[in-house]
Amino acid sequence: MIGEQTEFWGDYDVPKCEEDEQPRTCEKCGETYPSNMVFFHRCITTVNRHGKVLPFLKKVCKKCLAKQKAQLYKLRKKHIAPDFIYCPICEKRCDKPYMDHDHATGEFRGWLCNDCNNGLGKFKDDEKMLRRAIAYLQDDFENECLDEL
């Protein structure tokens with residue numbers, strides 16, 4: 001039963017890649033697996049200019065995604081979403097708050113609006129990257145002010 005997926009390929013041997021298939025490394029655990037739907041979820045999010053749907057595989061293996069889902073489930077049970085919040089970042093009222101958590105430790109940080117939560121996620125919760133973005137915005141703003149003079 002090579003590569004059969006029961007409980008995330010438990011004690012089974014991981015199947016080898018086909019000749020034309022490149023191995024894929026999970027961004028979370030660093031394990032390398034064959035690049036197929038047995039080990040990685042398939043997503044369909046893009047359509048090319050000819051209208052053809054372009055599927056791709058997620059960058060995190062199914063095993064890590066299952067751990068992440070279990071972790072989020074526990075957080076959601078422990079921290080019940082309020083009816084509304086004022087987002088601590090943008091200060092706007094939000095009627096559907098989103099749970100923010102530390103992706104490295106899994107700890108709950110608080111409730112944010114969807115835009116701010118996605119924004120932090122796009123910056124991968126990296127403070128240095130956020131500081132560079134702020135510096136970029138400040139520099140860009142200063143350059144625009146000088147251009148107006």
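In this predicted model, four elements, β4 (53–61), α1 (62–78), β7 (98–101) and α2 (114–122), each hand at least two residues to the lining of the largest pocket. The top contributor is α2, which gives the most to that lining, with 6 residues. The pocket itself has a volume of about 910 Å³. Of the 25 residues that line it, Q68, H103, G121, K122 and K124 are the closest to its centre. As for chemistry, the lining of the largest pocket splits into 10 charged, 8 nonpolar and 7 polar residues.

Stepping back to the whole chain, the tally is 3 helices and 8 strands. Read from the N terminus on, the elements go β-β-β-β-α-β-β-β-β-α-α. The chain has 149 residues, and 21% of them count as buried. Among contacts with a separation of 6 or more, 32% come from residues 24 or more positions apart.

Back to α2, the helix that gives the most to the pocket lining. Its buried residues are C116, N117 and L120. These cover an arc of only 100° around the axis, so they end up on the same side of α2. The general rule behind this is a familiar one: an α-helix has 3.6 residues a turn, so residues three or four places apart point the same way. On the face of α2 turned away from the buried side sit the exposed residues D115 and K122. K122 also turns up in the group closest to the centre of the largest pocket.

Two of the buried residues of α2 also show up in the surroundings of D100, a residue of strand β7. With neighbours within four places in sequence left aside, D100 is in contact with E107, F108, R109, G110, L112, N117 and L120. D100 counts as buried because its relative accessibility is 7%, and the cut-off for buried is under 20%. Strand β7, like α2, is among the elements that supply at least two residues of the pocket lining.

The stretch just past α2 deserves its own look. F123 lies in the loop between α2 and α3 (127–148). With a relative accessibility of 29%, F123 counts as partly exposed. Beyond its neighbours within four places in sequence, F123 is in contact with M129, L130 and A133. The last of these, A133, is 10 residues from F123 along the chain, and the C-alpha atoms of F123 and A133 are separated by 9.2 Å.

K124 comes next, just after α2, and takes a positive phi of about 55°. That is a positive value in a residue other than glycine. K124 has its place in the loop between α2 and α3, and it counts as exposed because its relative accessible area is 65%, the cut-off being over 50%. K124 is also one of the residues closest to the centre of the largest pocket. D125 is found in that loop between α2 and α3 too. Phi of D125 is near 55°, again positive in a residue other than glycine. With a relative accessible area of 26%, D125 is partly exposed.

Finally, the aromatic side chains. The count comes to 2 aromatic pairs. One of them joins F84 and Y86 edge-to-face, at 6.0 Å centre to centre and 85° between the planes. The other pair is F108 and W111, whose ring centres are 5.5 Å apart and whose planes stand at 65°, so this pair is edge-to-face as well. In the F84 and Y86 pair, F84 is partly exposed at 38% relative accessibility, whereas Y86 is exposed, with a relative accessible area of 54%. In the F108 and W111 pair, F108 is partly exposed, with a relative accessible area of 25%, while W111 is buried at 17%. F108 links this pair back to strand β7, as it is one of the residues in contact with D100.

Key: Residues numbered from 1 in each chain as written. Predicted model: local features only at pLDDT ≥ 70, side-chain atom pairs only at ≥ 80, totals over all residues. Heavy atoms only, no water. 1 Å grid on protein atoms, 1.4 Å probe; cavity = no way out; pocket = protein on both sides within 12 Å on 5 of 7 lines; lining within 4 Å. Points joined across faces, edges and corners; volume = space filled by probe spheres on them. Nonpolar A, V, L, I, M, F, W, Y, C, P; charged D, E, K, R; others polar. Buried < 20%, exposed > 50% of the residue type's maximum accessible area, 1.4 Å probe, protein only. Arc of directions from axis to C-beta. Contact = heavy atoms within 4.5 Å. Phe/Tyr/Trp six-rings, centres within 6.5 Å; stacked < 30°, edge-to-face > 60°.
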